[in-house]
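Visitor: I would like a close look at a single part of this model, namely the place where the two chains meet, with enough of the surrounding fold to make sense of it. Please take your time over the residues involved.

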Number of protein chains: 2
Amino acid sequence: MPRFDLVAFDADDTLWHHETLYHGTQQRFRELLADYHPPEWIDARLDAAERRNLAHFGYGVKGFVLSMIETAVELTEGRVSGPQVQQIIDWGRDMLSTPIELLPGVREAVAAVAELHRVAVVTKGDLFDQEAKLARSGLGDLFAAFEVVSEKDAKAYAAVMRRLGVEPGRFVMVGNSVKSDVLPVLAAGGAAVHIPYELTWAHEVVPAGGAEFATLGSIAELPGWLER
Amino acid sequence: MPRFDLVAFDADDTLWHHETLYHGTQQRFRELLADYHPPEWIDARLDAAERRNLAHFGYGVKGFVLSMIETAVELTEGRVSGPQVQQIIDWGRDMLSTPIELLPGVREAVAAVAELHRVAVVTKGDLFDQEAKLARSGLGDLFAAFEVVSEKDAKAYAAVMRRLGVEPGRFVMVGNSVKSDVLPVLAAGGAAVHIPYELTWAHEVVPAGGAEFATLGSIAELPGWLER
């Protein structure tokens, strides 16, 4: 009998590349404002705008676009042109329609896990963005449930477990973020597997608080880990 | 025994005023561009931008803001200024933080329904917007579930019924839109109550296809209707 009833996967940087998309757009944004400021200052002001706007606009591409526009207005002292603003919006549209690049071994690993478990996606962010990405990923048929939450805290995971009808002790979350995919799941009584993004080694980690979770080098190791 | 196990409510223009918020912002947008174009043409171009962007940005305030900015760039032939763009973004932030104005009798009606039924919200739109509105509405404690879907079609309602563990024949949806809250629910095997926005009379409607649903004049009539 499997150790878990439900295996839930984070999406961005766990199933598919995500940060690379933002980095590419941010590079173009630096070039757009290169006549005004050095890249470090542009990054710092964009980061400040994103933090300020998170409470208003949440996570996702649309909020990122609005933060870029605000930063462009600020850093050009209002001289940013209409066509430049349009250019920034067009980058956002490109980000939302660009092909999804799966991480290596994802389809095979999820399919193998799905043979013995219910599998779900639990992701943070913009509902529309995330559904569109799942559709473009070609993975939609593999998952029994697709849950988008606005924050990944213990309360949100407890609500997901209730919605999906799974006991905390039979739930395991797989993701690339200790902060979002591991610690709040442990706090909610579930188990967690950490798969760092672009890291190629595996070891077990026991943080100071004594919480225990597995760290794997790639998602390809997951089916084997679940059968251990 | 109640006729239904779960009573689901649409949110925008069913629980709280929504269209009025957009109309107010759109009026300011017309004034911003009044030197360039007559209001009818501004409305027409904004409407076209919204339709074009729906597939990219989905429903919600952030998508509306991006459509206003694109329309301003287009209608000023790129001469819109940075401060004007910033103004449009500020309107969006205002829309997302403005107090929620409940429709008359909503709290009492939902509380009365909740005495005999599980009650949920099923709403379309931006997850972040909708969760923020529920929090500001003060109604959050009344609902057992809050489901945000990206489209309200029969498939989405069937998925909601499965997630909430309710048989279609024991599910009733209450909302202001025949297209979104009634017809797809009937197609998924559920029942529906139509409460037109700002309409003060009640009657029963049987559309051409023979689907049957109730139309009530206000949400205050709902608890009585459920007990009939």
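Guide: What follows starts at the contact between the chains, passes through the helices and residues around it, and ends with the wider fold of one chain.

The model is a predicted one, and every value below is computed from it. The contact between the chains takes 30 residues from chain B and 30 residues from chain A. On the side of chain B that touches chain A, the elements giving two or more residues are α2 (39–57), α3 (61–75), α4 and α6 (127–137) of chain B. Of these, α4(B) supplies the largest share, eight residues. Sorted by class, the residues on that side of chain B divide into 13 nonpolar, 10 polar and seven charged.

A good residue with which to enter this region is V65(B), which lies in helix α3 of chain B. V65(B) counts as buried, since it has 26 C-beta neighbours inside 10 Å, where 20 or more are required for that label. Leaving out residues up to four places away in sequence, V65(B) touches I88(B), I89(B) and G92(B) and, across the chain boundary, L66(A). By way of contrast within chain B, the C-alpha atoms of V65(B) and L216(B), 151 residues apart along the chain, are separated by 34 Å.

From the side of chain A, the residue to look at is V85(A), found in helix α4 of chain A. V85(A) is buried, with 25 other C-beta atoms within 10 Å. With neighbours within four places in sequence set aside, V85(A) is in contact with I69(A) and V80(A) of its own chain, and with I69(B), V73(B) and V85(B) of the partner. The contacts of V85(A) thus include V85(B), the residue with that number in the other chain. Within chain A, the C-alpha atoms of V85(A) and S67(A), 18 residues apart along the chain, are separated by 12 Å.

Helix α4(B) also has a partner inside its own chain. Two packed helices are described by the angle between their axes and the distance between the axes. The axes of helix α1 (residues 19–32) of chain B and helix α4 (residues 82–97) of chain B come within 11 Å and cross at roughly 170°. An angle over 145 degrees counts as roughly antiparallel, and α1(B) and α4(B) are therefore roughly antiparallel to each other. On α1(B) the contact is made by L21(B), T25(B), R28(B) and L32(B), and on α4(B) by Q84(B), Q87(B), W91(B) and M95(B). By class, this contact of α1(B) with α4(B) has four nonpolar, three polar and one charged residues.

Three further residues of chain A deserve a look, beginning with two that have an uncommon backbone angle. Most residues other than glycine have a negative phi. E77(A), in the loop between α3 (61–75) and α4 (82–97) of chain A, has a positive phi of about 50° although it is not a glycine. E77(A) is exposed, with 10 other C-beta atoms within 10 Å. D13(A), in the loop between β1 (6–9) and α1 (19–32) of chain A, likewise has a positive phi, of about 65°, and is not a glycine. With 18 C-beta neighbours inside 10 Å, D13(A) counts as partly exposed. The third residue, L54(A), lies in helix α2 (residues 39–57) of chain A and is partly exposed, with 13 other C-beta atoms within 10 Å.

Finally, the wider setting of chain A. Chain A contains nine helices and seven strands. Its radius of gyration is 19 Å, close to the 17 Å that the globule rule gives for 228 residues, so chain A is as compact as a globular protein of that length. Along its principal axes the C-alpha trace of chain A spans about 65 × 40 × 35 Å, and 43% of its 228 residues count as buried. Among contacts in chain A with a separation of 6 or more, residues 24 or more positions apart account for 63%.

In soluble globular proteins, nonpolar side chains tend to be buried together. The largest nonpolar core has 48 residues, of which A8(A), V172(A), V174(A), A192(A) and V193(A) touch the most other members. Not counting residues up to four places away in sequence, V174(A) touches V7(A), A8(A), F9(A), D10(A), T14(A), V193(A), I195(A) and L222(A).

Key:
Residues are numbered from 1 along each chain as its sequence is written. Chains are lettered from A and ligands numbered from 1 in the order in which they are written. This is a predicted model: local features need pLDDT of at least 70, side-chain atom pairs count only at pLDDT 80 or more; totals for chains, interfaces and linings use all residues. Helices (H or I, at least four residues) and strands (E, at least two) are DSSP runs, numbered from the N terminus. The radius of gyration is taken over C-alpha atoms; the globule rule is 2.2 Å times the number of residues to the power 0.38. A residue is buried if 20 or more other C-beta atoms lie within 10 Å of its own, exposed if 12 or fewer, and partly exposed in between; C-beta atoms are placed from the backbone. Two residues are in contact if their C-beta atoms, placed from the backbone, lie within 7 Å. A nonpolar core is a set of buried Ala, Val, Leu, Ile, Met, Phe, Trp, Tyr and Cys residues joined through C-beta atoms within 7 Å. Axes are lines fitted to C-alpha atoms, for helices over the stretch in contact, and angles run from 0 to 180 degrees between N-to-C directions. Angles under 35 degrees count as roughly parallel, over 145 as roughly antiparallel, 65 to 115 as roughly perpendicular and the rest as oblique. Ala, Val, Leu, Ile, Met, Phe, Trp, Tyr, Cys and Pro count as nonpolar, Asp, Glu, Lys and Arg as charged, and the others, Gly among them, as polar.
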